Amino acid sequence: MLLDLEPDETALFLDFDGTLVDLAPRPEDVVVAPRLPALLSRLQTRFGGAVSLVSGRPIADLDSFLTPFSSVAHGLHGLEGRDAPYAPVIRVKPPAALDWIRSGLSESGIGETPGVLVEDKGLTIAVHYRNAPDQHDAICTLLHDLAAPHADLSVLAGKMVVEVKPFGTSKATAVERALVLPGFKGRRPVFVGDDITDEDGMKAALERGGTAVKIGEGPSVAPHRLGSPADVHAWLDRLAGSA
Ligand SMILES: [Mg+2]
(Lines give C-alpha, C1' and ligand atoms only; values in the text may rest on other atoms or scores of the structure.)
Protein backbone atom coordinates (compact mmCIF):
# COMPACT_ATOMS: atom_id res chain seq x y z
CA MET A 1 0.00 0.00 0.00
CA LEU A 2 1.60 3.23 -1.13
CA LEU A 3 -0.73 6.18 -1.19
CA ASP A 4 -0.69 8.03 -4.50
CA LEU A 5 -1.08 11.82 -4.47
CA GLU A 6 -1.76 14.42 -7.12
CA PRO A 7 1.27 16.80 -6.99
CA ASP A 8 -0.66 19.79 -8.36
CA GLU A 9 -3.47 19.49 -5.82
CA THR A 10 -1.73 18.34 -2.64
CA ALA A 11 0.04 20.18 0.18
CA LEU A 12 2.42 17.89 2.08
CA PHE A 13 3.06 18.34 5.80
CA LEU A 14 6.02 16.31 7.04
CA ASP A 15 7.06 15.70 10.61
CA PHE A 16 10.83 15.20 11.09
CA ASP A 17 11.80 12.90 14.01
CA GLY A 18 10.47 9.36 13.57
CA THR A 19 9.10 10.29 10.14
CA LEU A 20 12.02 11.50 8.02
CA VAL A 21 14.74 10.25 10.40
CA ASP A 22 14.84 7.37 12.87
CA LEU A 23 14.51 8.39 16.52
CA ALA A 24 17.77 8.57 18.46
CA PRO A 25 18.46 8.33 22.23
CA ARG A 26 19.18 12.08 22.27
CA PRO A 27 17.59 14.54 19.79
CA GLU A 28 20.96 15.80 18.57
CA ASP A 29 22.06 12.27 17.68
CA VAL A 30 19.62 11.64 14.80
CA VAL A 31 21.27 10.56 11.57
CA VAL A 32 20.03 12.16 8.36
CA ALA A 33 20.24 9.96 5.27
CA PRO A 34 22.72 11.71 2.92
CA ARG A 35 20.16 11.72 0.12
CA LEU A 36 17.30 13.19 2.18
CA PRO A 37 17.88 16.94 1.49
CA ALA A 38 17.99 16.33 -2.28
CA LEU A 39 14.92 14.09 -2.09
CA LEU A 40 12.99 16.84 -0.27
CA SER A 41 14.09 19.40 -2.86
CA ARG A 42 12.82 17.19 -5.68
CA LEU A 43 9.56 16.71 -3.82
CA GLN A 44 9.22 20.45 -3.28
CA THR A 45 9.71 21.11 -7.01
CA ARG A 46 7.26 18.39 -7.96
CA PHE A 47 4.58 19.71 -5.55
CA GLY A 48 4.98 23.34 -6.69
CA GLY A 49 6.57 24.37 -3.37
CA ALA A 50 3.68 22.99 -1.28
CA VAL A 51 5.87 21.01 1.13
CA SER A 52 6.02 22.07 4.78
CA LEU A 53 8.06 20.68 7.66
CA VAL A 54 6.17 20.50 10.94
CA SER A 55 8.17 19.69 14.05
CA GLY A 56 8.47 20.12 17.78
CA ARG A 57 12.02 21.24 17.11
CA PRO A 58 13.05 24.82 16.36
CA ILE A 59 13.21 25.50 12.61
CA ALA A 60 16.92 26.38 12.94
CA ASP A 61 17.47 22.82 14.13
CA LEU A 62 15.72 21.37 11.07
CA ASP A 63 17.77 23.66 8.82
CA SER A 64 21.02 22.47 10.35
CA PHE A 65 20.09 18.84 9.68
CA LEU A 66 18.72 19.36 6.15
CA THR A 67 20.96 22.07 4.67
CA PRO A 68 20.87 23.24 1.87
CA PHE A 69 17.15 22.33 1.75
CA SER A 70 14.76 25.03 2.96
CA SER A 71 10.98 25.13 2.90
CA VAL A 72 7.87 26.52 4.49
CA ALA A 73 8.15 25.23 8.05
CA HIS A 74 6.51 25.32 11.46
CA GLY A 75 8.62 24.56 14.52
CA LEU A 76 8.07 24.23 18.25
CA HIS A 77 4.58 22.75 17.70
CA GLY A 78 3.36 25.76 15.72
CA LEU A 79 4.94 28.47 17.93
CA GLU A 80 7.25 29.58 15.15
CA GLY A 81 6.78 29.62 11.42
CA ARG A 82 8.44 30.39 8.12
CA ASP A 83 6.16 31.28 5.21
CA ALA A 84 8.64 30.68 2.39
CA PRO A 85 11.99 28.93 1.89
CA TYR A 86 14.90 30.94 3.35
CA ALA A 87 12.46 33.60 4.70
CA PRO A 88 12.88 34.80 8.30
CA VAL A 89 11.40 32.68 11.08
CA ILE A 90 8.56 34.39 12.96
CA ARG A 91 7.97 33.29 16.55
CA VAL A 92 5.52 34.15 19.30
CA LYS A 93 6.74 35.96 22.41
CA PRO A 94 7.71 33.58 25.24
CA PRO A 95 5.28 33.73 28.17
CA ALA A 96 6.89 34.91 31.41
CA ALA A 97 5.47 31.84 33.17
CA LEU A 98 8.06 29.68 31.40
CA ASP A 99 10.63 31.13 33.80
CA TRP A 100 8.70 29.51 36.68
CA ILE A 101 8.96 26.17 34.92
CA ARG A 102 12.65 26.75 34.32
CA SER A 103 13.37 27.43 37.99
CA GLY A 104 11.00 24.67 39.16
CA LEU A 105 12.81 22.14 36.99
CA SER A 106 16.15 23.33 38.20
CA GLU A 107 15.06 23.09 41.87
CA SER A 108 13.66 19.60 41.33
CA GLY A 109 17.04 18.33 40.14
CA ILE A 110 15.30 16.13 37.56
CA GLY A 111 17.92 17.10 34.97
CA GLU A 112 20.57 15.40 37.12
CA THR A 113 18.81 12.02 36.91
CA PRO A 114 20.87 9.69 34.71
CA GLY A 115 19.23 9.32 31.29
CA VAL A 116 17.02 12.41 31.69
CA LEU A 117 17.69 15.38 29.41
CA VAL A 118 16.17 18.83 29.90
CA GLU A 119 16.08 20.70 26.60
CA ASP A 120 15.34 24.44 26.85
CA LYS A 121 14.11 25.58 23.43
CA GLY A 122 13.37 29.14 24.60
CA LEU A 123 9.65 29.00 23.80
CA THR A 124 9.15 25.51 25.18
CA ILE A 125 10.98 23.27 27.64
CA ALA A 126 11.17 19.57 26.90
CA VAL A 127 12.20 16.79 29.27
CA HIS A 128 13.40 13.69 27.41
CA TYR A 129 13.62 10.31 29.14
CA ARG A 130 14.33 7.81 26.34
CA ASN A 131 17.28 6.53 28.40
CA ALA A 132 15.31 6.52 31.68
CA PRO A 133 11.85 5.13 30.85
CA ASP A 134 11.12 4.47 34.55
CA GLN A 135 11.05 8.27 35.05
CA HIS A 136 7.87 8.67 32.95
CA ASP A 137 5.44 9.08 35.86
CA ALA A 138 7.74 11.31 37.91
CA ILE A 139 8.36 13.66 34.96
CA CYS A 140 4.68 13.85 33.95
CA THR A 141 3.63 14.62 37.52
CA LEU A 142 6.37 17.21 38.00
CA LEU A 143 5.60 19.09 34.78
CA HIS A 144 1.84 19.00 35.31
CA ASP A 145 2.31 20.31 38.87
CA LEU A 146 4.65 23.08 37.72
CA ALA A 147 2.39 24.14 34.83
CA ALA A 148 -0.96 23.83 36.64
CA PRO A 149 -1.05 27.38 38.11
CA HIS A 150 -0.32 28.93 34.69
CA ALA A 151 -3.32 29.12 32.36
CA ASP A 152 -1.13 30.27 29.49
CA LEU A 153 0.94 27.07 29.55
CA SER A 154 0.08 23.53 28.52
CA VAL A 155 1.81 20.16 28.89
CA LEU A 156 2.29 17.98 25.84
CA ALA A 157 3.42 14.35 26.03
CA GLY A 158 5.18 12.70 23.09
CA LYS A 159 7.36 9.63 22.62
CA MET A 160 9.65 9.52 25.67
CA VAL A 161 9.36 13.30 26.03
CA VAL A 162 7.10 15.66 27.99
CA GLU A 163 7.07 19.31 27.01
CA VAL A 164 5.73 22.52 28.56
CA LYS A 165 4.66 25.05 25.95
CA PRO A 166 2.50 28.16 25.61
CA PHE A 167 -1.17 27.21 25.46
CA GLY A 168 -3.10 27.36 22.21
CA THR A 169 -0.88 26.17 19.37
CA SER A 170 -0.33 22.68 18.05
CA LYS A 171 0.62 21.00 14.82
CA ALA A 172 -2.93 21.85 13.66
CA THR A 173 -1.86 25.51 13.75
CA ALA A 174 0.82 24.69 11.20
CA VAL A 175 -1.73 23.20 8.81
CA GLU A 176 -4.18 26.09 9.26
CA ARG A 177 -1.51 28.75 8.73
CA ALA A 178 0.13 27.13 5.73
CA LEU A 179 -3.12 26.57 3.87
CA VAL A 180 -3.63 30.32 3.44
CA LEU A 181 -0.19 30.80 1.88
CA PRO A 182 0.18 31.26 -1.87
CA GLY A 183 1.24 27.91 -3.27
CA PHE A 184 -0.69 26.03 -0.54
CA LYS A 185 -4.11 27.66 -0.85
CA GLY A 186 -6.79 25.40 -2.32
CA ARG A 187 -4.65 22.29 -2.01
CA ARG A 188 -5.60 19.11 -0.17
CA PRO A 189 -3.49 18.75 2.99
CA VAL A 190 -1.73 15.45 3.67
CA PHE A 191 -0.09 15.16 7.10
CA VAL A 192 2.64 12.58 7.72
CA GLY A 193 3.81 11.88 11.27
CA ASP A 194 4.67 9.26 13.86
CA ASP A 195 3.80 10.67 17.27
CA ILE A 196 0.83 11.54 19.46
CA THR A 197 1.56 15.25 18.90
CA ASP A 198 1.05 14.70 15.14
CA GLU A 199 -2.55 13.64 15.69
CA ASP A 200 -3.64 17.33 15.90
CA GLY A 201 -2.07 18.00 12.52
CA MET A 202 -3.65 14.87 11.08
CA LYS A 203 -7.09 15.85 12.36
CA ALA A 204 -6.68 19.33 10.86
CA ALA A 205 -5.79 17.76 7.50
CA LEU A 206 -8.76 15.37 7.63
CA GLU A 207 -11.14 18.20 8.57
CA ARG A 208 -10.00 20.11 5.49
CA GLY A 209 -10.70 17.30 3.06
CA GLY A 210 -7.19 15.90 3.16
CA THR A 211 -5.73 12.75 4.60
CA ALA A 212 -2.97 11.52 6.92
CA VAL A 213 -0.27 8.89 7.11
CA LYS A 214 0.84 7.43 10.44
CA ILE A 215 4.39 6.09 10.70
CA GLY A 216 4.83 3.02 12.91
CA GLU A 217 2.64 1.46 15.57
CA GLY A 218 0.04 2.96 17.87
CA PRO A 219 -3.47 4.33 17.61
CA SER A 220 -4.05 7.10 15.09
CA VAL A 221 -6.78 8.95 13.22
CA ALA A 222 -4.70 8.49 10.05
CA PRO A 223 -6.34 6.33 7.37
CA HIS A 224 -2.93 5.30 5.97
CA ARG A 225 0.14 3.80 7.55
CA LEU A 226 3.82 3.21 6.78
CA GLY A 227 6.26 1.21 8.89
CA SER A 228 9.35 3.39 9.22
CA PRO A 229 11.26 6.44 7.93
CA ALA A 230 12.86 4.15 5.31
CA ASP A 231 9.36 3.40 3.98
CA VAL A 232 8.61 7.14 3.99
CA HIS A 233 11.73 7.79 1.88
CA ALA A 234 10.68 5.15 -0.66
CA TRP A 235 7.17 6.60 -0.83
CA LEU A 236 8.38 10.23 -1.15
CA ASP A 237 10.90 9.13 -3.76
CA ARG A 238 8.10 7.74 -5.87
CA LEU A 239 5.96 10.86 -5.35
CA ALA A 240 8.89 13.09 -6.35
CA GLY A 241 9.13 11.32 -9.70
CA SER A 242 12.33 11.02 -11.67
CA ALA A 243 15.02 13.62 -11.07
MG1 LIG B 1 7.88 12.73 15.11
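I counted the aromatic pairs first and found 3 of them, taking rings of Phe, Tyr and Trp (its six-membered ring) as paired if their centres lie within 6.5 Å, with planes under 30 degrees apart counted as stacked, over 60 as edge-to-face and the rest as tilted. I looked up Phe-13 and Phe-191, whose ring centres are 6.5 Å apart with planes at 10 degrees, so I noted the pair as stacked. Phe-13 belongs to strand S1 and Phe-191 to strand S10, so this pair ties together parts that are 178 residues apart in sequence.

I noted that this is a predicted model, in which local features need pLDDT of at least 70 and side-chain atom pairs count only at pLDDT 80 or more, while totals for chains, interfaces and linings use all residues. Residues are numbered from 1 along each chain as its sequence is written, and side-chain values use heavy atoms, with hydrogens and water left out.

Back at the rings, I found that Phe-13 and Phe-191 are both buried (under 20% relative accessible area, against over 50% for exposed and in between for partly exposed, with a 1.4 Å probe and protein chains only). I also recorded one aromatic cluster formed by Phe-13, Phe-184 and Phe-191.

I then turned to the magnesium ion, which is coordinated at 2.1 Å by Asp-15 (OD), Asp-17 (O) and Asp-194 (OD); donors here are N, O and S atoms within 2.8 Å of the metal (3.2 Å for Na, K and Ca), and water is not among the atoms, so sites may look incomplete. Along the chain, the donors follow the spacing D-x1-D-x176-D. I checked burial last: Asp-15 is buried at a relative accessible area of 3%, and Asp-194 is buried at 2%.

Terms used: Helix = DSSP H or I, 4+ residues; strand = E, 2+ residues; numbered from the N terminus.
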